[in-house]
Amino acid sequence: MIAIVDYGMGNLFSIYNALNRVSANPKIIDDPESLASADGIVVPGVGAFGRCMDRLSRFEGALLQAFLEGTPMLGICIGLQVLFEQSEESPGSKGLGWIKGNVVRLPEGVMIPQMGWNSLSIIRPVEMLEGIAEGDMFYFVHSYYGVPTDKSVISATTHHGVDVTAAIAKDNLFATQFHPEKSGVKGLKILENFVRSTRC
Amino acid sequence: MLARRIIPCLDCDLGVPGGRVVKGIEFKQIRYAGIPWELAGKYYEDGADEIVFLDITASHERRETMVGVIKKTSESVFVPLAVGGGIKTVEEAREVFNAGADKITVNTSALKRPELISEIADRYGNQAVVVAIDAKRRYALEDGRQIIKTPQGPCWFECSYYGGREFTGIDAIAWAEKAQSLGAGEILLTSMDRDGTYDGFDIPLTDAVAKRVRIPVIASGGCASPEHMLEVFQRTDAAAALAASIFHFGEWNIGNVKNFLKERGVNVRV
């Protein structure tokens with residue numbers, strides 16, 4: 001079973017349908033206890049960093065446990081940003097802190113939010129990017145982006161005024177700033193890779 | 001760099017079970033094009049970057065039909081879906097978001113009560129609110145209007161509402177700026193003079209609005225060929241081009257159009 005963490009931040013329909021499409025067995029989970037039995041965990045997210053963390057806090061322990069036990073995890077959009085220590089969007093709110101570094105605002109002079117299809121530069125090819133080629137386009141909607149202290153966790157970037165972290169890989173954790181569930185066939189390919197990793 | 005988007009638009013008549021896609025000419029004569037979720041699926045397969053559904057019946061009783069269309073579509077279409085037509089409150093927007101829509105398009109209701117834009121943006125984010133503007137050329141020099149030069153003569157652009165049936169007296173360029181300041185994430189800009197004519201996009205209109213706002217502008221109305229899309233991308237800063245008839249009835253599909261544009265140097269997703 002692949003758990004989609006439902007912490008009350010918006011529409012889970014799209015990610016649910018997309019996982020269904022790649023023959024996963026998704027389940028929307030709103031109690032932290034159920035995460036223990038998940039083969040994979042998806043942390044989606046829309047909205048502001050602080051509000052997300054407030055609502056995600058009751059899952060914090062269960063998510064950390066699953067992460068340390070090696071359960072494959074996929075963070076999407078704000079689900080990537082909450083992995084960091086903090087964000088300029090919500091000063092004073094603490095993130096999960098699994099990835100050292102901060103989330104910062106896109107630079108002045110570019111369209112904010114970045115909204116639309118942008119191409120990936122693959123920095124470090126990882127299993128989750130199998131079948132994805134340099135320059136393939138994905139759908140982004142965001143105003144902030146993660147800057148990890150340890151650059152080696154970055155597996156892909158995109159360019160929007162600056163190089164923007166587009167995907168992060170660390171151990172059993174993969175996270176994307178873009179929305180694979182809204183990125184057509186290439187997005188589904190990433191979800192397929194994730195589902196496959198949960199069965200190994 | 002962000003790609004220029006190609007967006008098919010499905011004008012939906014929800015007065016029949018399951019709804020049907022229709023297309024009008026200059027907002028009037030109607031032609032039948034297909035079943036909404038089937039057409040959406042085809043356009044997704046062809047490479048659409050996003051799909052817009054507009055409820056042209058825009059009546060409250062038919063919201064349920066639209067919700068059904070979006071639910072069904074989102075099972076098999078994995079690009080952003082924008083939905084509009086008759087949404088007047090955050091509560092009504094919520095029904096459509098919960099069905100799987102990523103963006104809501106507002107037009108008449110926002111002109112009548114501009115705060116609606118902020119209300120939806122506060123709850124769902126700026127990116128979730130598209131303000132649709134139906135603009136009509138007025139060849140008259142009136143005080144306080146933003147006069148734009150066109151090959152046909154100087155004019156200002158008036159916003160229409162109620163699906164083009166009534167006029168507001170509001171300047172479309174000024175309204176686009178106001179919509180942005182209220183939290184709109186995008187402007188869907190339709191030229192009423194060009195819609196359904198197959199004469200190409202209204203370049204002066206698109207250029208004027210795209211220069212005036214920082215948010216993306218989707219050009220709409222009049223597209224009948226890939227050359228029209230090329231023209232709007234080369235001559236204006238439009239972030240996206242929207243079309244209906246060319247895909248419903250024409251010999252072009254989205255894939256061919258994108259290849260055509262890419263070969264001519266436009267950054268599109270193929």
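Colleague: Which residue stands opposite S87(A) in β6(A)?

Modeller: V103(A) does, in strand β6 of chain A. Before we go on: this is a predicted model, where local features need pLDDT of at least 70 and side-chain atom pairs pLDDT 80 or more, while totals for chains, interfaces and linings use all residues. Residues are numbered from 1 along each chain as written, with chains lettered from A and ligands numbered from 1 in written order.

Colleague: What makes β5(A) and β6(A) a pair?

Modeller: They share 2 bridges, in the parallel sense. Strands pair if DSSP finds at least two bridges between them, so β5(A) and β6(A) qualify. By the way, strands are DSSP runs of E with at least two residues, helices are runs of H or I with at least four, and both are numbered from the N terminus.

Colleague: Why are β5 and β10 of chain A called edge strands?

Modeller: Each of them pairs on one side only. Their open sheet has 3 strands, ordered β5-β6-β10, with mixed pairing. β5 covers 86-87 and β10 covers 144-148.

Colleague: How do you know that β11 and β12 of chain A pair?

Modeller: DSSP's minimum is two bridges, and β11 (residues 154-160) and β12 (residues 162-170) of chain A have 6, in the antiparallel sense. One spot to look at is H160(A), which stands opposite V162(A) in β12(A). In general, strands of a sheet pair through backbone hydrogen bonds, parallel or antiparallel.

Colleague: Which sheet of chain A has 8 strands, and in what order?

Modeller: An open one with mixed pairing, running β2-β1-β3-β4-β13-β12-β11-β8. Its edge strands are β2 (26-29) and β8 (121-122) of chain A. Overall, chain A has 5 helices and 13 strands.

Colleague: Why does the radius of gyration of chain A agree with a compact globule?

Modeller: The rule, over C-alpha atoms, is 2.2 Å times the number of residues to the power 0.38. For 200 residues that is near 16 Å, and chain A has 15 Å, so the two agree. Its C-alpha trace spans about 45 × 40 × 30 Å along the principal axes.

Colleague: Why does V270(B) count as exposed?

Modeller: Count the C-beta atoms, placed from the backbone, within 10 Å: 20 or more others is buried, 12 or fewer is exposed, and in between is partly exposed. V270(B) has 12 such neighbours, so it falls in the exposed class. You'll find V270(B) in the segment after α10 (254-263) of chain B. In chain A, buried residues make up 52% of the 200.

Colleague: What is V270(B) in contact with, leaving aside neighbours within four places in sequence?

Modeller: G47(B), K258(B), N259(B) and K262(B). Contact here means C-beta atoms, placed from the backbone, within 7 Å.

Colleague: How many residues does each chain give to the contact between A and B?

Modeller: Chain A gives 23 residues and chain B gives 22. On the chain A side, β7(A) provides the largest share, 5 residues.

Colleague: And what makes up that chain A side, by residue class?

Modeller: There are 11 nonpolar, 10 polar and 2 charged residues. Nonpolar means Ala, Val, Leu, Ile, Met, Phe, Trp, Tyr, Cys and Pro, charged means Asp, Glu, Lys and Arg, and the others, Gly among them, are polar.

Note on methods: Contact = placed C-beta atoms within 7 Å.
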